[in-house]
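Dear colleague,

Please find below the structure that I am passing on to you, followed by a summary of what was found in it. I should be grateful if you would read the two side by side.

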Amino acid sequence: MPENTAFPPGLRFEGVTISLDDTRLIALDCNVDPGEVLTVMGPSGSGKSTLLAAITGTLPPAFRLTGRIRLDGQDLAGLPTEARQVGILFQDEYLFPHLSVGANLAFGLKPALKGRAARRDRVEAALDEVGLSGFADRDPATLSGGQRARVALQRTLLSEPRALLLDEAFSRLDTGLRQQTRALVFEVARRRALPVLQVTHDHSDAEAAGGPVHCMGQLATRN
Amino acid sequence: MGTAPVTTVRMAGRRPRRARFLPWAPLVTLVVMLGPVLAGILGTLAPAFGYMPALQGTGLSLDPLRALLEWPGLSRAVMLSLGVGLGATAISLAIVTLICAGWAGTRSFTMIERLLSPLLSVPHAAAAFGLAFLIAPSGWLSRGLSPWVTGWTRPPDLLILQDPAGLSLIFGLVTKEVPFLLLMTLAALTQVRPASSLRVAQCLGYARITGWLKTVFPLVYRQIRLPVFAVLAFSMSVVDVAIILGPNTPPTLAVQVVRWMNDPDLALRFQAAAGAVLQLGLVLFGIGLWRLAEIVAGRLGKIWVSTGGRGWRGPDQVIRGAALILGATAALAVIAGLAGQVIWSFAGLWQFPDLLPDGFTWRNWNRYGAQLAGPAGETLIIAGAATGLALLLTLACLEAEHRHGLRPATRALWLLYLPLIVPQVAFLTGFQTLSIGAGLDGGRMAVIAAHLVFVLPYVFLSLADPWRVWDAKHDTTARALGAGPDRVLWMVRLPMLLRPVLIATAVGFAVSVGQYLPTLLVGAGRVPTLTTEAVALASGGDRRVTGVYALAQTAAALAPFALALVLPRLLWRNRKGLLHA
């Protein structure tokens with residue numbers, strides 16, 4: 001891994017701006033430390049998700065990105081999505097509907113772990129961690145919303161990301177479930193020292209994260 | 001972290017390979033699809049002006065054109081082609097428009113949608129045979145009414161089939177073009193959100209059909225214009241259906257061109273080429289006329305909309321009913337025609353006024369079944385190869401579009417329709433001449449290449465929409481989990497899109513099975529498929545043989561559809577997320 005001691009670890013934005021035509025959608029210059037959660041807030045349509053697309057490397061060509069995004073010191077520019085080691089969770093879980101729950105998790109598991117039995121054990125363990133023991137053979141379409149969210153989280157973690165992005169990840173869940181899932185995600189991220197960037201339009205998400213908040217579509221403020 | 005360099009090396013080794021083919025895929029596809037068309041047109045133009053060294057035509061001359069103009073049947077054949085084309089297209093479009101206007105979004109409409117694919121995949125020739133048996137003087141309709149209504153005890157001497165005005169030909173074309181246009185209209189409808197427009201119009205007091213025609217139709221028509229042109233060009237220049245249902249003396253221009261092509265007197269090749277060029281001009285003229293009619297209809301439509309007339313509920317209901325009856329008649333004609341073929345193929349003695357044969361027997365299948373094997377095998381090989389290639393190229397184009405942003409402009413859609421709009425005789429005669437020159441004449445490979453020209457557009461059109469509406473966040477998710485583009489394609493996208501891929505395959509297969517002229521001309525009559533054999537046997541007039549062949553042909557076209565519907569259900573029986581739709 002190209003460790004670069006000149007830069008602090010974490011997710012770093014250096015004079016990042018994203019514009020569409022001549023409209024600047026976002027300007028960001030900050031560092032998200034390992035275990036910290038940066039919340040980017042803004043009304044829908046303000047371009048919050050384009051920031052995440054810039055990090056995953058899936059920004060549509062119409063958008064213009066300037067500045068530099070670094071992850072643990074490494075410049076992400078030019079890297080294909082699969083080489084960036086950035087995990088992302090969307091509002092929908094995007095569990096692959098043709099794969100069983102276990103196969104979905106195995107899809108995320110790195111090929112470096114060899115052996116069918118070892119891989120199956122790792123998948124089982126990941127399910128145990130979130131209280132879904134024995135769910136490996138289930139059809140993802142038969143899971144409840146909360147179960148799907150936990151499977152998606154575990155699948156992402158098995159791919160050993162260096163940062164976690166949340167794209168309105170909790171907005172589909174109802175209040176109780178939402179608090180539970182949110183707490184789980186933030187706790188895991190803190191434990192694994194992952195820098196987290198969440199975009200949301202919901203203040204309770206920002207409060208639960210407890211980190212800095214960047215507001216879009218109005219006066220840019222930080223607290 | 002020792003794995004990082006290895007990964008890098010492997011990626012560096014793999015990437016150029018991907019980059020080598022995928023970005024070229026759109027170009028390769030265009031060449032494969034349009035090359036034969038353009039080369040074929042040149043190969044038709046040259047002999048039309050007297051140049052064909054193989055037959056001692058080395059200079060340029062107008063003799064072939066002169067010979068064509070001296071053919072006494074010319075004006076009649078031209079008028080017939082034009083009339084049949086415009087008539088069949090106008091009637092098909094009217095039926096489709098009124099069915100959608102009257103029924104879109106209702107439960108009956110869902111039933112119509114379900115009937116579409118099977119109807120669409122019935123080969124033109126098989127549908128035409130079926131229809132011929134229904135309406136012939138000795139056919140089912142006449143039998144059903146005899147002798148108790150008509151008093152006939154033997155088939156009347158009436159020219160219902162192959163009538164000089166081409167009415168039965170128009171009827172035959174309408175039964176097959178209505179499902180095609182309807183499918184295209186359905187695809188267009190999903191993009192224009194007709195329900196809300198219609199609801200607004202109805203709230204403003206418009207009757208259903210009037211409201212639909214005024215608010216939805218203009219948007220839909222813009223999107224189905226190319227398919228309509230394809231229907232027009234096809235109806236004006238079709239050969240197999242016209243041989244079975246069209247008039248004989250003279251036949252339509254396209255049929256006459258094919259007769260000249262196949263004449264033992266090789267000198268007639270020049271005249272045939274001139275006729276093929278005329279056919280091309282005629283189709284362009286027909287499209288010009290249609291365009292003119294579009295403009296006039298557009299003007300009148302604007303005036304009609306601005307009058308604010310709401311339409312009346314009464315007539316609206318009548319038109320609604322009539323549209324459904326007409327559409328149902330077209331569908332029933334195909335279904336009943338096929339049923340007739342089934343019965344004929346098992347028929348023992350079946351005398352005229354009897355509605356059903358005296359007995360059923362396996363004798364026909366036993367007698368002709370063995371002969372079927374050769375053409376059936378040839379049909380499967382050609383259709384399999386052409387469809388496989390078309391699928392490969394289509395997937396490569398769509399992946400190139402996804403990975404490299406090589407999205408064709410909407411204008412490029414014209415190119416996809418070009419093989420469907422340029423009349424087959426206009427370039428296949430030239431394609432044949434060229435392949436004789438290249439020494440490919442009469443080979444299976446040449447036939448596959450010719451089929452590919454027609455299979456590709458259909459496979460592309462049928463797969464492009466489902467491929468493009470696939471939620472790209474699945475891609476982002478998989479890539480973020482560390483999967484490269486190839487892994488995402490094979491492990492995620494293709495399995496999730498299994499159903500549309502299989503349906504596109506079935507469409508391609510059915511298109512190839514139904515091809516008559518490319519097989520006949522490019523194969524120089526030496527590559528017998530179920531379709532060419534069936535049409536050749538039709539002239540014998542033995543309904544039992546025709547029935548056997550038409551059924552085999554239909555089965556070859558329908559079986560892949562059945563597989564495309566059943567296979568995903570079996571494979572994904574435990575995957576609820578993929579079972580709907």
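The cover over the buried residues of H21(B) includes helix H16 (363-404), H20 and H26 of chain B. The residues beneath this cover are Pro485(B), Val488(B), Val492(B), Arg493(B) and Met496(B). Viewed down the axis of H21(B), these buried residues fall within an arc of 85°, so they line one face of the helix. Please bear in mind throughout that the model is predicted.

H21(B) also takes part in the contact between the chains. This contact draws 23 residues from chain B and 25 residues from chain A. On the side of chain B that touches chain A, the elements giving two or more residues are helix H1 (3-21), helix H20 (472-480), helix H21 (485-496) and helix H26 (576-579) of chain B. H20(B) provides the largest share of that side, with six residues. In terms of residue class, the side of chain B that touches chain A comprises 10 nonpolar, nine polar and four charged residues. Thus H20 and H26 of chain B appear both in the cover over the buried residues of H21(B) and among the elements that touch chain A.

Turning to the domains, the assignment for chain B gives domain 1 (1-6 + 17-58 + 362-526) and domain 2 (62-361). Their C-alpha centres lie 26 Å apart. The contact between them takes 31 residues from domain 1 of chain B and 34 residues from domain 2 of chain B. On the domain 1 side, two or more residues come from each of helix H2 (25-48), H16, helix H17 (413-421), helix H18 (424-437), helix H22 (498-514) and helix H23 (517-522) of chain B. The residues on that side of domain 1 of chain B divide into 22 nonpolar, seven polar and two charged.

As for the partner chain, chain A has six helices and nine strands. Its radius of gyration is 18 Å, close to the 17 Å that the globule rule gives for 223 residues, so chain A is as compact as a globular protein of that length. Along the principal axes, the C-alpha atoms of chain A fill a box of roughly 50 × 40 × 30 Å. Of the 223 residues in chain A, 44% are buried. Among contacts in chain A between residues at least 6 apart in sequence, 70% join residues at least 24 apart.

With kind regards

Definitions and conventions
Residues are numbered from 1 along each chain as its sequence is written. Chains are lettered from A and ligands numbered from 1 in the order in which they are written. This is a predicted model: local features need pLDDT of at least 70, side-chain atom pairs count only at pLDDT 80 or more; totals for chains, interfaces and linings use all residues. Two residues are in contact if their C-beta atoms, placed from the backbone, lie within 7 Å. Helices (H or I, at least four residues) and strands (E, at least two) are DSSP runs, numbered from the N terminus. Ala, Val, Leu, Ile, Met, Phe, Trp, Tyr, Cys and Pro count as nonpolar, Asp, Glu, Lys and Arg as charged, and the others, Gly among them, as polar. A residue is buried if 20 or more other C-beta atoms lie within 10 Å of its own, exposed if 12 or fewer, and partly exposed in between; C-beta atoms are placed from the backbone. The arc is that of the directions from the helix axis to the C-beta atoms. Domain bounds come from an automatic or database domain assignment. The radius of gyration is taken over C-alpha atoms; the globule rule is 2.2 Å times the number of residues to the power 0.38.
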